[in-house]
Amino acid sequence: MAIIFDESRHLFMIGTENTSYIMAITAGKYLGHIYYGRKVNKPAGEAILRVKELAFVDRDFIGEKGSFGDGYPFEFGSAGIGDFRESCIEIMNENGQIGAEFIYRSHRIFDGKPGLKGLPATFANENDAQTLEITLMGEVLGIDLILSYSVFEGSDAIARHVRVVNNGGSTVYLNKINSACIELNNKDYEMLTMYGSWARERAISRTPIGYGRHSTFTTRGISSHQSHPFYAVLGKDTGEDSGEIYGMHFVYSGNFEGVVERTQHDELRMTMGINSYNFRWKMEPGEEFIAPEVITVYSCEGIGKMTRTLHDLYRTHLIRSKYLHKKRPILLNNWEATYFDFNMDKLLDIARCAKEQGIEMLVMDDGWFGKRNSDNCSLGDWKVNTEKLPEGIEGLVKRVNEIGLEFGIWFEPEMVSPDSDLYRAHPDYAIAIPGREAAQVRSQYVLDITRDEVRDYVYESVANILRSANIRYVKWDMNRPMTDVGSILYKGDTAGEFYHRYVLALYDLQERLTSEFPDLLLENCTSGGGRFDPGMLYYSPQIWASDDTDAIERLTIQRGTAMLYPLSSIGAHVSDCPNHIVGRSTSFETRGYVALAGTFGYELDVTRIPEDDRKMIPAQVAMYHKYNDLVREGDYYRIANICDTNEFDAWMVTSKDKKEALVTYIQVRGAANIRSRIITLKGLDPDAVYVLENSGEGDAPCKEFYGDELMNIGFVTDKIWGDGSGRLYHFTAK
Ligand code: DGJ
């Protein structure tokens, strides 16, 4: 890890463990991007920019600014002055005119990494990180642009963000602001994005990059089920273990847009930032705007290496919760067990039975407040329903604790039902455009938490309940996208601030909650995984990955999620069959193996599931306790996935010291007359001898293998019978 400024050649060289990121100052003015990729020790320098090759610039490339701007690889392209590619910043003056030219003014390199006020971001202490801040100035309007790059000891990630400061004497408007840009020489690259829907989050798509702009984005006000604030540019042949990949991951939970543009000169410009749809930020003199953080990663060892870089970064420098490195209590959530149809007795029955099986926490989901017996009322009325819970929350928690379980509770704090006391008293608390009835989704509106009084109401509603009883866990849900975006606070020339102000308000709420209740285990959720993003991960160590709990569907959902996020953050439960979302039946063991690749818990009525399934819970609990340290802290490798094989799925986790590995193999579809499968493993010590624990059936001796044998020749999986059957294989080095 090192950041160097080579004064004689005006080069900034940012070095991570295995990568280099290089910029140059051209003619003492322009900041250009030279290179990002595999580590180089002696870069060629500015020549690569070929500034005089563009049409008309051979005589005086600075004087011929328009032509120059059309091809120069600006580190942070600005709209309106001759760079016609996807811009990073668009500034409008008071007269509505767009254009600002940014030239190099100064830079500083220092140890550590400062936080981003009001925003989630990676953190590090002085020994762990180094930061480069480059200040560019927009002379005419007096705008300073501070580009920030931080690198971390032992990591190949770069954390970037941008600050815009209005040091001029007049008001300006930020119409667009990206957080990061990368310029690449195209090598017939592809674009990898994530797409999906409710209950089908984070599927992977790879497409060729033709000329023009290609984007992944959302305008739903949340990072969304449909897309993800991540994309990558990668080689056609890049696979799990080889090939190049450039990833950009946005630490943000609202509207975003990532764009790859293939230009007239067959170069690529990659950008990522807040979506400029309905965005306009008014900046009075003296004000600053912080564009959220983007994590960039380059790997020349395939997608898998990028995955592990992100996992390590997030486990070391993003997730703050005390629970990060702890085994989470095995919880049972009553949503799929009872939906709205429960009362204290029912919950206590479940709790007693759960305790007998070794489950450690009961989480009471939606339906405990107001008169909420279905999803069409009461959001906002966070008062216990005493018909269901006659002894209140406090009484219930006491009883659950007496049974020997911890207690957790569900909220959907950002919402209000039209049929609620809150809405009847304060209809103006809901987001709406005056004169038009706002669209309902799941019979609810979104609260305008940008207003202090609304935000305080929301906060106190949650905090009061938490103060009243021994509650160890909160599931913070959010079940609709934003529409009809109107606020009494942000209107006229600040109306375009609303979406981002909302996200800032959400972060403020979560910051308050985690500060007042530092021991609380917080799990974020948005109709499943609709706001599963690095921003939310800063506040909660785990996020509910999807409302689809079917083990087979989860293979794809969790594979996409785990491409970016550590397994310890992926909310995953064993649920009942036939599965409530897709109607499929899968063995109880397989459901357990799939949930083990996440936080692991239950989402079923343990008093009513088949006796044979219930009997398996103690063994599953033991399995979780045995393997969770490894799963939570280890290196994750994808081996095969159902989308490619159409028959089976497999992944593994290896401990950092390579002494232990756990392989999960799921035969999704059985087939006639096939041989057992050979699987080759990854991430082992080639010279170590690994012992494969016997499966516990019969007296079969443990088998031994060399690491290089497992990684090259592989090992033979059991021949298994049926669809959706699975096995765990546990290897330990001798
Ligand atoms: C959506 C969540 O994803 C579910 O797990 C559940 O909490 C429901 N909301 C409750 O309404």
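## A long-range salt bridge

Glu511 pairs with Arg320 in a salt bridge, their closest N and O atoms 3.3 Å apart (the term covers a side-chain nitrogen of Lys or Arg within 4 Å of a carboxyl oxygen of Asp or Glu). This one ties together distant parts of the chain: Glu511 is in helix α8 (residues 498–516), Arg320 is in the loop between α2 and β20 (331–333), and the two positions lie 191 residues apart in numbering terms. (Helices, H or I with at least four residues, and strands, E with at least two, are DSSP runs numbered from the N terminus.) Glu511 is partly exposed at 29% relative accessible area, and Arg320 is partly exposed at 32%. (Buried means under 20% relative accessible area, exposed over 50%, and partly exposed in between, with a 1.4 Å probe and protein chains only.)

A word on the model: it is predicted, so local features need pLDDT of at least 70 and side-chain atom pairs count only at pLDDT 80 or more, while totals for chains, interfaces and linings use all residues. Residues are numbered from 1 along each chain as its sequence is written, and side-chain values use heavy atoms, with hydrogens and water left out.

## More salt bridges

The structure holds 61 salt bridges. Take Glu133 and Arg108, whose side chains meet at 3.2 Å, N to O. That pair links strand β7 (residues 129–138), home of Glu133, to strand β6, home of Arg108, with the partners 25 residues apart. Glu133 counts as buried because its relative accessibility is 10%, whereas Arg108 is partly exposed at 44%.

Glu101 and Lys65 also form a salt bridge, at 3.4 Å, N to O. Here the loop between β5 (89–92) and β6 (102–111), which holds Glu101, is linked to Lys65 in helix α1 (residues 65–69), 36 residues away along the chain. Both ends are partly exposed, Glu101 at 22% and Lys65 at 36%. There's a network of salt bridges too, joining Asp452, Arg455, Asp456, Asp508 and Arg512.

## Cavities

Searching the whole structure turns up 7 cavities of 30 Å³ or more. (On a 1 Å grid over the protein atoms alone, a cavity is a set of points where a 1.4 Å probe fits but cannot get out, and lining residues have an atom within 4 Å of a point; grid points are joined across faces, edges and corners, and a volume is the space filled by probe spheres set on the points.) The largest cavity has a volume of about 130 Å³. It has 15 lining residues, and Leu555, Gln558, Arg559, Tyr636 and Trp651 are the closest to its centre. Helix α10 (551–562) and strands β31 (635–640) and β32 (648–654) each supply at least two lining residues, with α10 giving the most, 4 residues. By class, this lining has 10 nonpolar, 2 polar and 3 charged residues. (Ala, Val, Leu, Ile, Met, Phe, Trp, Tyr, Cys and Pro count as nonpolar, Asp, Glu, Lys and Arg as charged, and the others, Gly among them, as polar.)

The second largest cavity comes in at about 100 Å³. Its lining includes Tyr30, Phe74, Phe102 and Leu136, along with Glu101, the residue that bridges to Lys65. That lining splits into 7 nonpolar, 2 polar and 2 charged residues.

## A buried leucine

Leu313 belongs to helix α2 (residues 302–317) and is buried, with a relative accessible area of 1%. The C-alpha atoms of Leu313 and Ala157 are 7.5 Å apart, though 156 residues separate the two along the chain.

Conventions:
On a 1 Å grid over the protein atoms alone, a cavity is a set of points where a 1.4 Å probe fits but cannot get out, and a pocket is an open set with protein on both sides within 12 Å along at least five of seven lines; lining residues have an atom within 4 Å of a point.
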